[in-house]
Amino acid sequence: MTSHFHRAEIARRALLSGMAGGATLFALPDGLLAHAAPANPTFRHGVASGDPDAASVVLWTHVTTADRAEVMWELSATPDFADVLQAGAVTTDSGRDHTVKLLVRGLAAGTVYYYRFRLGEALSPVGRARTLPEGRLDRLGIALASCSNFAFGFFNAYDAIARDPAVDYVLHTGDYIYEYGGDGSWGDAVARSIARAHAPPHEVLSLADYRMRHAQYKTDAGAQAMHANHTLLACWDDHESTNNPWTGGAQNHQAATEGDWAARRAASMRAYYEWMPVREPEWLAQPGRTRADFWRAYRFGDLALLHTLETRHSARAQQIEYADHAATITDAETAGRFRRKVLGAPGRAMLSAELEADLEAALAQSVAEAQPWRIIGSPMVIARVEVPDVARLGILPDPFAKLAAAAPAERARLAADPVVALAWKGRFNLPDYTDAWGGYPWARERLYALSRRAGAGDLLFLSGDSHSFWANCLADAAGRPAGIEFGTAGISSPGDFVESGFGDVTSRALDAAYAAHIPEVAWTDNMHQGYVRVELTRDGGVATFIAVDTVLSPDYRTSVLKRVPFVRDGGQVRLA
């Protein structure tokens, strides 16, 4: 394998030290090789930091041992550990799957620290952690990541994030793992071709299953590099448990064969908290919160607030399935009725009352303190992505004559075809996905109203889930501006158009049609995997959409697909 790694350009910030157990990272060149992680039998899952505030940060690792273990940790001002500031020990055992997680307190705001762990003579890689800044801040760089599916390919975009010197923190908006597995499961054919089959080799259901899946994902070299080099700000989406959960169940959970849903959800949350650098409920300021109440408010000095959302387990109403209503949607009138009465039914919640209260208070405080930016970390795209009439536009064949003439069994088979399904939604300009915010318009309007009450009708959404890049201009149902949105493609999960078999030409035509015919979509790309780098200054910023050319090999190249500047203008935020 030929490496395209250019060693001449060294990062302008000190990254990892290159000392024993660590690895030196460099700035982002055109071509990169996500090398295998150095052999470290004891710390084979790397290190991570996350969930910071101005005076503390979570540190994490895992030790490979069969026994109860006392793991030593050190925090240093310098990467060579010549100036150790804090040190201690954490005991771990099988009860926490031999993960090690601690909250280091008493730190200085806006400061980079280095940390490592030791078990006996074994030394972990060195990680770099950063606390949140206080006071004046003129610049902030956030990498937006989502949808890392081990079976579909190498996490090259994580590796690129690790090497990106303009990134200060990483926001991961969910689908950090996927639950699928086994013969014929989603991604299995790709996984077999590149030797990345999911472990365990079946859909994960039990605590042991979820633990094994998290462990597998943290063996990826790109994931280890990103976690070691950048502090993580995380929220989850659905696949950390299973596809499309709501408060009473999930699309991908069948109680008759897969057991109790509450037990499965609890197992998925427990494994997530064990294997991710996130604060435990007892480390939070609000008493009584549970693991399901997983949202956070991060303050970046006087520049920005970032508030993440929990949209799956604490309040979500059951998803509407088009298949249950398709027979009654026959024209514009019945489609409008479906949109108002079914999708838009009052009370179809997405956010819990506690989250809404926390969010409104945080937004109001941000406005009162004159922070320029209020960012929402959203697991899903919030823009109105209502499919244009792609059959009338000549992009997809018109299926309606064939559907009308088909017998019931044939009609069901046709409806399952992604070409037919997309053309059908386009005929009636229906939302592309009913599990995203488009399927919960009452909840979306409630969120927009909340932000206006707080004086914050100028939100910047950073969103995941869709496996597409987005630059969107948001408005509420009355047409009032509600902010802008940048969405990221998958780290490795494929874009839906290509993965559905539409091919490159049709997929690019669909991207163009979405941007041309959906009012809130300024630009979109369904063709690539990668991440978005969002850089903020006091008056404006730029979103840079960075793609990797392959996920099928760790030998990859990066490219910038688009740069989208944005500005604050008259109390609003808009694309420039």
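A crossing of two helices is called left-handed if the near helix is turned anticlockwise from the far one by less than a right angle, and right-handed if clockwise. In this structure, helix H8 passes helix H12 in a right-handed crossing. The structure is a predicted model, in which local features need pLDDT of at least 70 and side-chain atom pairs count only at pLDDT 80 or more, while totals for chains, interfaces and linings use all residues. Residues are numbered from 1 along each chain as its sequence is written, and side-chain values use heavy atoms, with hydrogens and water left out.

The helices and strands named here are DSSP runs, numbered from the N terminus (helices are H or I with at least four residues, strands E with at least two). H8 and H12 pack at an angle of about 35°, and their axes are 8 Å apart. Such axes are lines fitted to C-alpha atoms, for helices over the stretch in contact, and the angles run from 0 to 180 degrees between N-to-C directions. Glu356, Leu359, Glu360 and Leu363 of H8 meet Arg446, Leu447, Leu450, Ser451 and Arg453 of H12, where contact means heavy atoms within 4.5 Å.

Leu363 also belongs to the largest nonpolar core, which has 42 residues. A nonpolar core is a set of buried Ala, Val, Leu, Ile, Met, Phe, Trp, Tyr and Cys residues joined through side-chain atoms within 4.5 Å. Buried means under 20% relative accessible area, exposed over 50%, and partly exposed in between, with a 1.4 Å probe and protein chains only. In soluble globular proteins, nonpolar side chains tend to be buried together. The residues with the most contacts inside the largest core are Leu363, Val385, Leu422, Trp437, Phe461 and Tyr514. The elements that give two or more residues to this core are helices H8 (353-368), H12 (441-453) and H14 (503-517), together with strands E18 (459-463) and E19 (469-475). Apart from this core lies another, of 40 residues, and Tyr176, Ala234, Ala292 and Tyr531 are among them. Within the largest core, Val385 shows how distant parts of the sequence meet: leaving aside neighbours within four places in sequence, Val385 is in contact with Leu430, Pro431, Asp432, Trp470, Tyr514, Ile518 and Val521.

A second helix pair involves H3 and H6. H3 passes H6 in a right-handed crossing, at an angle of about 35° and with the axes 8 Å apart. Leu207, Tyr210, Arg211, His214 and Ala215 of H3 meet several residues of H6, including Ala267, Ser268 and Trp275. Helix H6 itself covers residues 261-275 and reaches 21 Å from its first C-alpha to its last, close to the 21 Å expected at 1.5 Å a residue; the expected span is 1.5 Å times one less than the number of residues. H6 is mostly covered, with 11 of its 15 residues buried.

At the N-terminal end of H6, Asp260 acts as a cap, with a side-chain oxygen 3.3 Å from the backbone nitrogen of Ala262. This is a polar contact, that is, a pair of N or O atoms within 3.5 Å; within protein, one must be able to donate a hydrogen and the other to accept it, and residues adjacent in sequence count only if both atoms are side-chain atoms. Further along H6, Ser268 is buried, with a relative accessible area of 2%. The side chain of Ser268 reaches the backbone oxygen of Arg265 at 2.7 Å. Beyond neighbours within four places in sequence, Ser268 is in contact with Tyr210, Glu240 and Ser241.

Charged residues can also be followed in this model. Asp51, in the loop between strand E2 (47-50) and strand E3 (57-62), counts as buried at 2% relative accessibility. The side chain of Asp51 makes polar contacts with the side chains of Arg296, at 2.9 Å, and Tyr298, at 2.7 Å. Arg128 lies in strand E9 (residues 127-130) and is buried, with a relative accessible area of 4%. A polar atom of the Arg128 side chain lies 3.1 Å from the backbone oxygen of Asn229.

The backbone deserves a final look. Most residues other than glycine have a negative phi, and most peptide bonds are trans. Phe81, however, has a positive phi near 60°, and Asp175 has a positive phi near 55°. The peptide bond from Ala199 to Pro200 is cis, with omega near -5°.
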